[in-house]
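User: I would like to work through the structure shown below by question and answer. Please explain each step of the reasoning.

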Amino acid sequence: MKRILSRLATKGSFFDGSNLNLLQQNQKIFFIKTNFNFQNLHKYSTQAAEPEHTKGVELKYARGLPVISLVLPSRKEQCSFTLKPITSNVGDFINDLKNEDHGIDRAHLYTTDGKRIASSTQIGHLLQDNFILSINDEKFGVQIPQVIVDDVPLTSESLDKISCARTLISQLYSRLNIEEHQLKNETSLKSRLEALQAEILPLQQIRDQCERKAVMRTRLSLVGGMVAMAAQYGVLARLTWWEYSWDIMEPVTYFVTAGYAIAMYGYFLLTQQEYIYPAARDRVYLRFFYKAAKQEKFDINRYNQLIREAEQVEANLRRLKDPLELHLPVTPPTVSDDVIPTQWKKNDS
């Protein structure tokens, strides 16, 4: 720059000595301004800036409820989910995520030290500490915002003092929303009962067919036993009064009676039960029933399992409709595994 100014001065241009000194004094100011302009140019770029909402997951409180905002992986748009600390749990939040974006295959919550949070954990317990949200192997750290009341942050001691009030509020909330909750449960139980009945109906038809066959064969066996005993009585009477005398037939009848006693004792050894006519009839019926079920390829275990589930659902429906049984412990349904016809049970009782 000095060389240029000196050449202009020696060539007799309009730059004289005073103008040259003035230019030399302002030389630093010129270069400072030039460098300042270049520094400002470095702040601009042709690449698009990253949106603010793609930085992670944000959790804040809106109208008294926690709201978590995140970017859906498929649509790449921000979505907000309102959490209910009392009535919802982690499983409900994960289901809401998957329903909103079907591109989410896996979604889990972890603590800051890497432990997985169970789906049954209440949202109120989840919001006590920071946690990590994992969506399709991509993890986001979630910071729990600090609750401020009257410009004063609440500490753990302050939260412990209002735990009783929180419990009362949760009980009040459950009381106010108990009807809606019961209606939702009743609808779910009715739909489950309809599904079970639809699955039981074809099995019930096969079971009734097997039962009819077994009952018919059992009755034929009982009648056949009666006919055999009557024929035996007639033969012994014929031999006693027509063919031979009582002196000859008396030992025969003794051995016949002893044979019956030996047969009854053998029945006890095999079944470990006393020989009673209803019990013997039921054993004959079960034998014929399982034989018919094997021929029809009827799954008795599956049928009994469905019957137990249907009885349990019906018991839960009765508990919902009866306020006295609503808070009582659940009693398992008394459903037996036998397949004895109901009409025989009534006659025996």
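User: Is N136 buried, partly exposed or exposed, and what is its relative accessibility?

Analyst: The model is a predicted one. N136 lies in the loop between β5 (131-135) and β6 (138-142). Buried means under 20% relative accessible area and exposed means over 50%. N136 therefore counts as partly exposed, and its relative accessibility is 25%.

User: What is the phi of N136?

Analyst: N136 is not a glycine. Its phi is nevertheless positive, with a value of about 50°.

User: Is K297 buried or exposed, and what is its relative accessible area?

Analyst: K297 lies in the loop between α10 (277-296) and α11. It is a residue other than glycine with a positive phi, near 60°. Exposed means over 50% relative accessible area. K297 is therefore exposed, with a relative accessible area of 77%.

User: Which residue caps the N-terminal end of α11?

Analyst: The contact to look for joins a side-chain oxygen to the backbone nitrogen of N301. These two atoms lie 3.4 Å apart. The oxygen, and thus the cap, belongs to D299.

User: How far apart are the end C-alpha atoms of helix α11, and what span should its residues give?

Analyst: Helix α11 covers residues 300-321, which is 22 residues. At 1.5 Å a residue, the helix should span 32 Å. The end C-alpha atoms agree with this, because their separation is 32 Å.

User: Which residues of α11 are buried?

Analyst: An α-helix has 3.6 residues a turn, so residues three or four places apart point the same way. In α11, the buried residues are I300, Y303, N304, L306, A310, V313, A315, L317, R319 and L320.

User: In what order do the strands of the open sheet of 3 strands stand?

Analyst: Strands of a sheet pair through backbone hydrogen bonds, either parallel or antiparallel. In this open sheet the pairing is antiparallel, and the order is β1-β2-β3. β1 (58-62) and β3 each have a single partner strand, so one side of each is left without a neighbour in the sheet. The strands at the edges are therefore β1 and β3.

User: Which residue of β3 stands opposite L70, and how many bridges join β2 and β3?

Analyst: Strand β2 (residues 65-71) pairs with β3 in the antiparallel sense. L70 has C79 opposite it in β3. The number of bridges between β2 and β3 is 5.

User: Which residue takes a positive phi in the hairpin of β1 and β2?

Analyst: β1 and β2 pair in the antiparallel sense over 5 bridges. Their hairpin has 2 residues between the strands. The positive phi, near 55°, is taken by R63.

User: How many aromatic pairs are there, and what kind of pair do F81 and F93 form?

Analyst: Rings pair if their centres lie within 6.5 Å, and planes over 60 degrees apart count as edge-to-face. By this rule there are 8 aromatic pairs. The rings of F81 and F93 have centres 6.1 Å apart and planes at 85°, so this pair is edge-to-face.

User: Which elements of the chain does the pair of F81 and F93 link?

Analyst: F81 is buried, with a relative accessible area of 8%, and F93 is buried as well, with 4%. The two residues are 12 residues apart and link distant parts of the chain. The elements are strand β3 (residues 78-82) for F81 and helix α4 (residues 90-100) for F93.

Definitions and conventions: Residues are numbered from 1 along each chain as its sequence is written. This is a predicted model: local features need pLDDT of at least 70, side-chain atom pairs count only at pLDDT 80 or more; totals for chains, interfaces and linings use all residues. Side-chain values use heavy atoms; hydrogens and water are left out. Rings of Phe, Tyr and Trp (its six-membered ring) pair if their centres lie within 6.5 Å; planes under 30 degrees apart count as stacked, over 60 as edge-to-face and the rest as tilted. Helices (H or I, at least four residues) and strands (E, at least two) are DSSP runs, numbered from the N terminus. Buried means under 20% relative accessible area, exposed over 50%, partly exposed in between (1.4 Å probe, protein chains only). The expected span of a helix is 1.5 Å times one less than its number of residues. A polar contact is a pair of N or O atoms within 3.5 Å; within protein, one must be able to donate a hydrogen and the other to accept it, and residues adjacent in sequence count only if both atoms are side-chain atoms. Two strands pair if DSSP finds at least two bridges between them.
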